[in-house]
Amino acid sequence: MKILYPGSFDPLTLGHLDLIERGIKLFDEVVVAVLSNPEKTPTFSLEKRLFQISEATAHIENLKVISFDGLTVDCARENNVGLILRGLRALSDFEYELQIAHTNRSLCNEIETAFLATQAHHSFLSSSVVKEVARFGGNVEHMVPQVVAKDLKGLFN
Ligand code: ADP
């Protein structure tokens, strides 16, 4: 079975990567779907985020990286995927993720959402926290893949 892992990944963190790696063990194929959404004005361009993910996941088989714009359920349908993967870090994620899962179910009853809990040592990681640390010159090497650490350095130095 295939699973779609949608997100902004602005940028990819070791938490995202951990979820991808565990998804690969459970499913035949993981499709990472990067939201382009130009209205959100991401820190990293879509091309940059796609490149970061491809670099950081080069060692992983059965993984596809795509971009999408619009509804996640439409992206899932277009790629023939019936399952969406989302991550849970803490209780605070739960409310938001449940709301999205219910919204997606109301739009398309055939598509299910599966949640994987992050590993405890990655539970504090988010793209925004990583950017905040990097902005003030903090070390992010234990938070993001090497390629992202390099890009963050380039962005804020
Ligand atoms: P979005 O803008 O769609 O929330 P994100 O890139 O922030 O996109 O997150 C994508 C998914 O990855 C979400 O389900 C989020 O909960 C999950 N996620 C983010 N950080 C982590 C982490 N450290 N561990 C596990 N899951 C995470």
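Q: What does "buried" mean when we speak of a residue?
A: Buried means under 20% relative accessible area, while exposed means over 50%, and anything in between is partly exposed. Keep in mind that we are reading a predicted model. Here, Phe9 has a relative accessible area of 2%, so Phe9 is buried.

Q: Which class does Arg22 fall into, and where does Arg22 lie?
A: Arg22 belongs to helix α1. With a relative accessible area of 22%, Arg22 is partly exposed, because that value falls between the two cut-offs.

Q: And are Ala120 and Asn80 buried or exposed?
A: Ala120 is exposed, at a relative accessible area of 67%, and Asn80 is exposed, with a value of 67%. Ala120 is part of the loop between β5 (112-117) and α5 (127-135), whereas Asn80 is in the loop between α3 (72-78) and β4.

Q: Let's turn to the backbone. What should I expect for phi and for peptide bonds?
A: Most residues other than glycine have a negative phi, and most peptide bonds are trans. Now the cases in this structure: Phe9 is not a glycine, yet its phi is positive, near 50°. Asn80, also not a glycine, has a positive phi of about 55°.

Q: Which peptide bond is cis?
A: The bond from Asp10 to Pro11 is cis, with omega near 5°. Pro11 sits in the loop between β1 and α1, and Phe9 is placed in the loop between β1 and α1 too.

Q: Now for the ligand. How many residues surround the ligand, and which are the closest?
A: There are 17 residues around the ligand, the closest being Tyr5, Ser8, Phe9, Gly87 and His122. Sorted by class, this shell holds five nonpolar, seven polar and five charged residues.

Q: Which helices and strands supply at least two residues of that shell?
A: They are β1 (2-7), α1 (14-26), β4 (83-88) and α4 (91-107).

Q: How should I read the polar contacts of the ligand?
A: Look for a pair of N or O atoms within 3.5 Å. A nitrogen atom of the ligand is 3.2 Å from an N or O atom in the Arg89 side chain. An oxygen atom of the ligand lies 3.1 Å from a polar side-chain atom of Glu97. Leu125 takes part through its backbone, where a polar atom is 3.0 Å from a nitrogen atom of the ligand. As for cover, the ligand taken alone exposes 560 Å², and the protein buries 89% of that.

Q: Where does the ligand sit?
A: The ligand sits in the largest pocket.

Technical notes
Residues numbered from 1 in each chain as written. Predicted model: local features only at pLDDT ≥ 70, side-chain atom pairs only at ≥ 80, totals over all residues. Heavy atoms only, no water. Near = heavy atom within 4 Å. Polar contact = N/O pair within 3.5 Å; in protein donor to acceptor, adjacent residues only side chain to side chain. Areas by Shrake-Rupley, 256 points an atom, 1.4 Å probe, with all protein chains shown as cover. 1 Å grid on protein atoms, 1.4 Å probe; cavity = no way out; pocket = protein on both sides within 12 Å on 5 of 7 lines; lining within 4 Å. Sits in = over half its atoms within 2 Å of the grid points. Helix = DSSP H or I, 4+ residues; strand = E, 2+ residues; numbered from the N terminus. Nonpolar A, V, L, I, M, F, W, Y, C, P; charged D, E, K, R; others polar. Buried < 20%, exposed > 50% of the residue type's maximum accessible area, 1.4 Å probe, protein only.
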